[in-house]
Amino acid sequence: MTNPTNLLYAKSHEWVQDMGDGSFRIGLTDYAQKELGDLVFVNLPQEGDEVEVGSAFGDVESVKAVSDVYSPVSGVVCAINEELLDHPENINQDAYAAWMIQVNEVSDKEELLSAEEYEKFLSEEE
């Protein structure tokens, strides 16, 4: 799957979507969900929690292991995708539709990559 060009990416394999109202949605990339395998549990922060770039804001559990999910930006959680709490497999089915959290008051987004830069990063990792 190619990575959508309207999103930005972190080297820790999260995507970021600018919602156009000052908030940003964050989710796991298709690459990440394939590496993790079938997801069986998602742990998300609460609305109002602060997230910091490079720090874990939650975790996902697959049949293989539990993995932290890192925030690609700093800000305040303004929404969580509650559907994922009951249906973590949605991330496996469509990683780019299954956002995890929405953040506002965003800063520290300088390290984000374009889709082209992220694909280059992935090819260098393999």
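## Aromatic pairs

Four aromatic pairs are found when the whole structure is searched, and the structure in question is a predicted model. In one of these pairs, Tyr-9 and Tyr-118 have ring centres 4.8 Å apart and planes at 10°, so the pair is stacked, given that planes under 30 degrees apart count as such. Because Tyr-9 belongs to strand 1 (residues 8-9) and Tyr-118 to helix 4 (residues 115-125), this pair ties together parts that are 109 residues apart in sequence.

Are the two partners buried or exposed? Tyr-9 has a relative accessible area of 0% and is therefore buried, and for Tyr-118, where the relative accessible area is 0%, the assignment is buried as well; the cut-off for this class is under 20%.

## Aromatic cluster

Tyr-9 and Tyr-118 also appear in one aromatic cluster, which is formed by these residues together with Trp-15, Tyr-96 and Phe-121.

## A charge over a ring

A contact of another kind involves Arg-25, which lies over the face of Trp-99 at 4.2 Å from the ring centre.

## Nonpolar surface patch

At the surface, Val-40, Phe-41 and Val-63 make a nonpolar patch of about 290 Å². Of these residues, Phe-41 is located in strand 4, which spans residues 39-43, and with a relative accessibility of 40% Phe-41 counts as partly exposed, because this class lies between the limits of under 20% for buried and over 50% for exposed.

Conventions
Residues are numbered from 1 along each chain as its sequence is written. This is a predicted model: local features need pLDDT of at least 70, side-chain atom pairs count only at pLDDT 80 or more; totals for chains, interfaces and linings use all residues. Side-chain values use heavy atoms; hydrogens and water are left out. Rings of Phe, Tyr and Trp (its six-membered ring) pair if their centres lie within 6.5 Å; planes under 30 degrees apart count as stacked, over 60 as edge-to-face and the rest as tilted. Helices (H or I, at least four residues) and strands (E, at least two) are DSSP runs, numbered from the N terminus. Buried means under 20% relative accessible area, exposed over 50%, partly exposed in between (1.4 Å probe, protein chains only). A charge sits over a ring if NZ of Lys or CZ of Arg is within 6 Å of the ring centre and within 35 degrees of the ring normal. Patches are made of residues with over 30% relative accessible area and no salt bridge: like charges are joined within 9 Å, nonpolar side chains (Val, Leu, Ile, Met, Phe, Trp, Tyr) within 5 Å. Accessible areas come from the Shrake-Rupley method with a 1.4 Å probe; for residues, only the protein chains shown count as cover. A salt bridge is a side-chain nitrogen of Lys or Arg within 4 Å of a carboxyl oxygen of Asp or Glu.
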